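Subject: Handing over a structure, with notes on what was found

Dear colleague,

Please find the structure below, together with its sequence. My notes follow it, and I would be glad if you read them with both in view.

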Amino acid sequence: MEECQSTRAIAATPVLLIAQLALLPLYLWLFVGSQFDLNLELGRHLLPAFVGLIVVPLILAFLTEKWAENSRKATGFIRFMGLMPVLLLTVVLFIITMTQVSQIDSAGPLIWPLMILFPTYLLAAALVGKALCLVFRLPMETGRTVIFSLGTRNSFMVLPLALSIPEAWATAVVVIVVQSLVELFGMMLYLRWVPGRLLPDT
């Protein structure tokens, strides 16, 4: 049952990401108002990155899944590669962080509030998820899925897009890098805390 819930949560991730990107023009309008030239410049940078980093991998993932349906070798290969994402994500995130050290240093006054805000969000998301589980009397597996869904905000998916935006938006890149780091370590804590203490089996 728990594996089924996690599969559904993973399957919903691309849908949620596409919905977020579809709302991006609205977000830009809310944040930058009438600066349409800046919107267009940002769009010119984001569109190629979105196609290359999001659309193409999704298509390749779909084709790989179809290949796996007809090949035992492909199934074994996919299971092996399933062990790699966390390690590779950690390495990639470390490399990206190293390339942004100067930007993070220049945004020093902004970092400390973020280091409080993002962990607070993770804690609040977990507590809200537990409350929803109790109010709606959800199964424990479903409640855990809700908590992880609330806690993760696709920051790892947005990070490659953020790195493609113009220099004028460097502060936004720093925010997303910090968010990704906090989310990575937060999910590691979630893996022990949520099933062990927050929503245990018994």
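To begin with a charged pair, Asp 201 and Arg 144 form a salt bridge in which the closest N and O atoms are 2.8 Å apart. The two residues belong to distant parts of the chain, since Asp 201 sits in the segment after α10 and Arg 144 in helix α8, with their positions 57 residues apart in sequence. The structure holds one salt bridge, and in general side chains of opposite charge can pair when their charged atoms come close. The two partners differ in how they are covered: Asp 201 is exposed, with a relative accessible area of 63%, whereas Arg 144, at 6%, counts as buried.

Before going further, I should say plainly that this is a predicted model, and that the confidence varies along the chain. The mean pLDDT of the protein chain is 77, and 75% of its residues reach 70 or more. Among the elements, helix α7 (residues 108–135) has the highest mean pLDDT, at 91, while helix α2 (residues 24–32) has the lowest, at 64. Where pLDDT is low, the predicted coordinates should not be read in detail, and I would ask you to keep this in mind as you look.

As for the overall picture, the secondary structure of the protein chain comes to 10 helices and zero strands. Of its 202 residues, 29% count as buried, and the chain exposes about 13,400 Å², of which carbon and sulfur atoms supply 73%. If one takes the contacts with a sequence separation of 6 or more, residues 24 or more positions apart account for 76% of them.

Which aromatic residues are linked by ring pairs into a cluster? They are Phe 148, Tyr 190 and Trp 193, and a search of the whole structure finds two aromatic pairs. In one of these, Phe 148 and Tyr 190 meet edge-to-face, with 5.4 Å from centre to centre and 90° between the planes. Because Phe 148 lies in helix α8 (residues 140–151) and Tyr 190 in helix α10 (residues 170–198), this pair ties together parts of the chain that are 42 residues apart in sequence. In the other, the rings of Tyr 190 and Trp 193 have their centres 6.4 Å apart and their planes at 55°, so the pair is tilted. Tyr 190 and Trp 193 both lie in helix α10, three residues apart, which is about one turn of the helix. As to cover, Tyr 190 is buried, with a relative accessible area of 3%, while Phe 148 is partly exposed at 23% and Trp 193 is partly exposed at 30%.

Helix α7 offers a further link across the sequence, through Met 115, which has its place in that helix. Met 115 and Leu 181 are 66 residues apart in sequence, yet their C-alpha atoms are 10.0 Å apart in space. Leaving aside its neighbours within four places in sequence, Met 115 is in contact with Val 178 and Val 182. With a relative accessible area of 39%, Met 115 is partly exposed.

On the surface, there is a nonpolar patch of about 640 Å², made by Leu 47, Val 51, Val 56, Ile 59, Leu 60, Phe 62 and Leu 63. One of these residues, Leu 47, lies in helix α3 (residues 36–69), and at 56% relative accessibility Leu 47 counts as exposed.

Finally, there is a point of backbone geometry that you may wish to look at. Most residues other than glycine have a negative phi. Arg 137, although it is not a glycine, has a positive phi of about 55°. Arg 137 is found in the loop between α7 and α8, and at 77% relative accessibility Arg 137 counts as exposed.

With kind regards

Terms used. Residues numbered from 1 in each chain as written. Predicted model: local features only at pLDDT ≥ 70, side-chain atom pairs only at ≥ 80, totals over all residues. Heavy atoms only, no water. pLDDT = per-residue confidence, 0-100. Helix = DSSP H or I, 4+ residues; strand = E, 2+ residues; numbered from the N terminus. Phe/Tyr/Trp six-rings, centres within 6.5 Å; stacked < 30°, edge-to-face > 60°. Buried < 20%, exposed > 50% of the residue type's maximum accessible area, 1.4 Å probe, protein only. Patch = residues over 30% accessible without salt bridge, like charges linked within 9 Å, V, L, I, M, F, W, Y side chains within 5 Å. Areas by Shrake-Rupley, 256 points an atom, 1.4 Å probe, with all protein chains shown as cover. Salt bridge = Lys/Arg side-chain N within 4 Å of Asp/Glu carboxyl O. Contact = heavy atoms within 4.5 Å.
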